[in-house]
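Here is a friendly walk through one structure, with an eye on its pocket, its cores and one of its sheets. Have a look at the model first, then read on.

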Amino acid sequence: MKNHIRIPALLMVIVTTLSSQAQSTYQEPHRPQIHFSPKEKWMNDPNGMLYYKGTYHLFYQYYPGAMVWGPMHWGHATSTDLMHWQHQPVALYPDSLGYIFSGSAVVDEHNTTGFGTGGQTPLVAIFTHHDTAALRAKRNDYQHQSLAYSLDDGKTWTKYAGNPVLKNPGITDSRDPKVMWYEPQHKWIMTLATKDCISFFSSPNLKEWTKESEFGKAFGAHGGVWECPDLFTLADEHGKQHWVLIVNLNPGGPNGGSATQYFVGNFNGHQFTPVDTRTRWIDYGPDEYAGVTWSNTGSERIFLGWMSNWNYANVVPTSPWRSAMTIPRVLSLKQVKQEWLVASAPVSAMHVIEKKPVVKSQLAVHSSIDLTQSLGIDGQPFRLQLEADKAEDLSLVLFNEAGEQVEIGYDALSHQYYIDRSRSGEIDFKKGFAGRHTAPRFSQAAGIKLDFVVDRSSVELFADGGLSVMTEIFFPHQPYHRLAVKASKDLIIKKLVHTPLKSTW
């Protein structure tokens, strides 16, 4: 009888201990609760994002040896709802050809590669091999494009014996291949970042590539190296398809450091032609970079970025991990003053982590109002959506008892949204981290609509239906468990919805 008592008791201790360990792992100071982050060590760019058989695959630049950038691997996580993620074994390790840099993954439905056997559909990853020995020898051709494939739905990966499939002709910074199937001409298109421009290649089988054209030397922002491109279509409100080319840039972003720009235009299978020469940004905040989209998601285009900035990514005060991803976002195309703009919004899948919302209508703001108690602000993640009939000065202030705060708002005089983290907490780990960052307002509407997603160490602002977007990270010494709304004039908030969010871990 004693054994029958002791064994369940022992099991209970083990289960309780494991549960406690799992909980503490994702309860460290500043640990994101609703954003993907690695359990430990270093992470940067999202890679190889692919949807297949009901599962979203997220690969990412990963160094399992330290909390700073090092020899790159492809980490791997999977999800069925884009909110809850399961860590998977490392997918790709460095080898004799080099580190495993960024790239993409596709479903080779027609088995053009011949990798599929016995009717199996191969998943194919296309990535950059970064040859450190060639770099040390001061050669220019130290980055080549290679393949790996999976025949078990992405669980394990085999590198192609014929790597590299696209050798470097002698161009520094030739990397980050994003591949798509171009149905009108029945061929694969590779969009490749080549130093200060984008090069397009085509292939019938992902193994043999022909250069088609280049784009960008005379267009867009050129404050740094072009990286992590993406090419896809978005439909306008009338159903017409437009081509969108994403190009990440480091440095040279609108608020310093790395950022994601884009171009709207046309693509004919050979060449991309922009509709104009303006520089546009997917996200104006300092902390969205390397953003690209999932493949194989049909007409819905889902975007994800790395939530950090190369200006300080290696020194942010987190442990035992560094970096997180943004909230997955659905992209759409909107027209403002005859100009086509890409808008972003949190994916609808966020509803799976929503708790019961608190709704307020016709809320009067006289200078300032503390909403902490009425909304139930408690330092945990939440989403806040508000509408005002007039586009006047308005801000939300997240703060704590230590006198630390982040202010997110709209400045009517300059027609700009802003996020100010000057007094946000730990700010001295890198000169220039503290500051006030801005984004232009594009909407012509008389009123404004603001949508905030707040986690323990980040805020993402989607204004005017996602026309103006900002992402910002911060590191308070204690959670922001208070919230106030401020206005320079008496203002009526037509509607305010506060939705607490459940931790995804």
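The largest pocket in this predicted model holds about 750 Å³ of space. Its lining is made up of 31 residues, and the closest to the pocket centre are Met 180, Trp 181, Asn 296, Gly 298 and Arg 301.

Which strand gives the largest share of that lining? Strand β13 does, with six residues. Strands that each supply at least two lining residues include β5, β9 (174-182), β14 (241-250) and β21 (329-336). If you are thinking about chemical character, here is the lining of the largest pocket by class:

| Class | Residues in the lining |
|---|---|
| Nonpolar | 15 residues |
| Polar | nine residues |
| Charged | seven residues |

Next, the nonpolar cores. The largest has 54 residues, and Phe 200, Leu 231, Leu 245, Phe 272, Leu 450 and Phe 452 are those with the most contacts inside it. Separate from this one is a second core of 36 residues, with Met 43, Tyr 60, Trp 85 and Leu 501 among them.

Finally, strand β5, a contributor to the pocket lining, also belongs to an open sheet of four strands, ordered β5-β6-β7-β8 and paired antiparallel. Why do β5 and β8 each have one side without a neighbour in the sheet? Both β5 (99-107) and β8 (158-159) stand at the edges with a single partner strand each, so one side of each strand is left without a neighbour there. Strands β6 (residues 123-130) and β7 (residues 143-150) are joined by eight bridges in the antiparallel sense. Across that pairing, His 129 stands opposite His 144 in β7.

Methods:
Residues are numbered from 1 along each chain as its sequence is written. This is a predicted model: local features need pLDDT of at least 70, side-chain atom pairs count only at pLDDT 80 or more; totals for chains, interfaces and linings use all residues. Side-chain values use heavy atoms; hydrogens and water are left out. Two strands pair if DSSP finds at least two bridges between them. A nonpolar core is a set of buried Ala, Val, Leu, Ile, Met, Phe, Trp, Tyr and Cys residues joined through side-chain atoms within 4.5 Å. Buried means under 20% relative accessible area, exposed over 50%, partly exposed in between (1.4 Å probe, protein chains only). On a 1 Å grid over the protein atoms alone, a cavity is a set of points where a 1.4 Å probe fits but cannot get out, and a pocket is an open set with protein on both sides within 12 Å along at least five of seven lines; lining residues have an atom within 4 Å of a point. Grid points are joined across faces, edges and corners, and a volume is the space filled by probe spheres set on the points. Ala, Val, Leu, Ile, Met, Phe, Trp, Tyr, Cys and Pro count as nonpolar, Asp, Glu, Lys and Arg as charged, and the others, Gly among them, as polar.
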